[in-house]
Amino acid sequence: METVEVKRPANLRAINQTRATVLCERLEKAGGMAGKSRGLLGRDGLEADAGMLFEAGRLEPFMCMHMWFMRFSIDIVFLNRQGRVIRINHNLRPWRISSIVWGARRVLELPAGAAAYSQTSVGDQIIIDRPPAASSSAP
C-alpha cells in the first residue's frame with residue numbers, strides 16, 4: 001500500500017515588532033483566487049488567537065475586502081510591501097466593504113478588537129513568521 005503525505009498549511013503568526021506584541025498566533029493563508037474569494041465565509045467566528053492572511057496578486061495596485069455574507073465582525077489590517085501597517089479597519093461589520101487601500105500587499109483578517117488589544121497602529125512593523133517549535137520534555 002502506498003503512503004500519501006498530506007501537506008498541512010504552514011503555521012504562521014503575525015508579530016508587531018514595533019510594540020513587541022503578538023497580533024495573531026495562528027495565521028492561516030487564504031491561498032489562491034478560490035481561497036481569496038472564500039476567505040472566512042461560512043464560519044461562525046474566529047478564535048481569539050486566529051486570523052487569515054491575504055496576499056495581493058502581482059498586478060493588483062490596491063486591496064479591498066468585502067464582508068458580504070459574513071456572520072461576524074473583524075479587524076482588517078493592511079500592510080505594505082515592507083510589512084508596515086498602512087491602514088486598519090476596526091470592527092468591520094457584516095455586509096460592509098473595507099477601505100480601498102492603494103499600495104497594500106498583504107491583509108490580515110483578525111477577530112474584532114485584536115488590533116486594539118495588541119496596540120497595533122498605522123506605521124507599526126509587522127513580521128509574519130513561523131512560531132518556534134514546541135520543545136518536548138519527555139525523556
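The following exchange between a trainee and a mentor concerns a predicted model.

Trainee: How many disulfides does the structure hold?

Mentor: A disulfide is a covalent bond between the sulfur atoms of two cysteines. For a pair to count, the two sulfur atoms must lie within 2.5 Å. By this rule, the number of disulfides is zero.

Trainee: Is Cys24 buried or exposed?

Mentor: The term buried applies under 20% relative accessible area. Cys24 has a relative accessibility of 2%, whereas Cys64 has 32% and counts as partly exposed. Because its value is 2%, Cys24 is classed as buried.

Trainee: Which residues form a nonpolar patch on the surface?

Mentor: One of the members is Trp68, in the loop between strand S4 (62-63) and strand S5 (74-79). Trp68 is partly exposed, since its relative accessible area is 38%. Together the members of the patch have about 490 Å² of accessible area, and they are Trp68, Phe69, Trp95 and Ile97.

Trainee: Where is Asp124 found, and is Asp124 buried or exposed?

Mentor: Asp124 has its place in the loop between helix H2 (114-117) and strand S9 (126-129). Its relative accessible area is 3%, and the limit for the buried class is under 20%. Asp124 in this loop is therefore buried.

Trainee: With which side chains does the side chain of Asp124 make a polar contact?

Mentor: Leaving aside residues up to four places away in sequence, Asp124 touches Asn16, Thr18, Arg19, Gly83, Arg84, Val85 and Gln119. A polar contact of 2.8 Å joins the Asp124 side chain to that of Asn16. Another polar contact, of 2.9 Å, reaches the side chain of Arg19. The side chains asked for are those of Asn16 and Arg19.

Trainee: How many salt bridges does a search of the whole structure find?

Mentor: Side chains of opposite charge can pair when their charged atoms come close. The cut-off used here is 4 Å, between a side-chain nitrogen of Lys or Arg and a carboxyl oxygen of Asp or Glu. Over the whole structure, the search yields a count of five.

Trainee: Which residue forms a salt bridge with Glu47?

Mentor: The closest N and O atoms of this salt bridge, between Glu47 and Arg26, are 2.7 Å apart. The pair links distant parts of the chain, 21 residues apart: Glu47 in the loop between helix H1 (33-38) and strand S3 (50-55), and Arg26 in strand S2 (residues 21-29). Glu47 is exposed, with a relative accessible area of 54%, while its partner, partly exposed at 39%, is Arg26.

Trainee: Which residue meets Asp49 in a salt bridge?

Mentor: The N to O distance in this salt bridge, which joins Asp49 and Arg26, is 3.0 Å. Asp49 lies in the loop between H1 and S3 and Arg26 in strand S2, 23 residues apart. Asp49 is partly exposed, at 31% relative accessible area. The residue that meets Asp49 is Arg26.

Trainee: How many residues apart in sequence are the parts tied together by Glu55 and Arg106?

Mentor: The side chains of Glu55 and Arg106 meet in a salt bridge of 2.9 Å, N to O. Glu55 lies in strand S3 and Arg106 in strand S8 (residues 106-111), so the pair ties together parts 51 residues apart.

Trainee: What is the relative accessibility of Arg106, and which class does this value give?

Mentor: Its salt-bridge partner, Glu55, is partly exposed at 32%. Values between 20% and 50% count as partly exposed. Arg106, at 28%, is therefore partly exposed.

Methods: Residues numbered from 1 in each chain as written. Predicted model: local features only at pLDDT ≥ 70, side-chain atom pairs only at ≥ 80, totals over all residues. Heavy atoms only, no water. Buried < 20%, exposed > 50% of the residue type's maximum accessible area, 1.4 Å probe, protein only. Patch = residues over 30% accessible without salt bridge, like charges linked within 9 Å, V, L, I, M, F, W, Y side chains within 5 Å. Areas by Shrake-Rupley, 256 points an atom, 1.4 Å probe, with all protein chains shown as cover. Helix = DSSP H or I, 4+ residues; strand = E, 2+ residues; numbered from the N terminus. Polar contact = N/O pair within 3.5 Å; in protein donor to acceptor, adjacent residues only side chain to side chain. Contact = heavy atoms within 4.5 Å.
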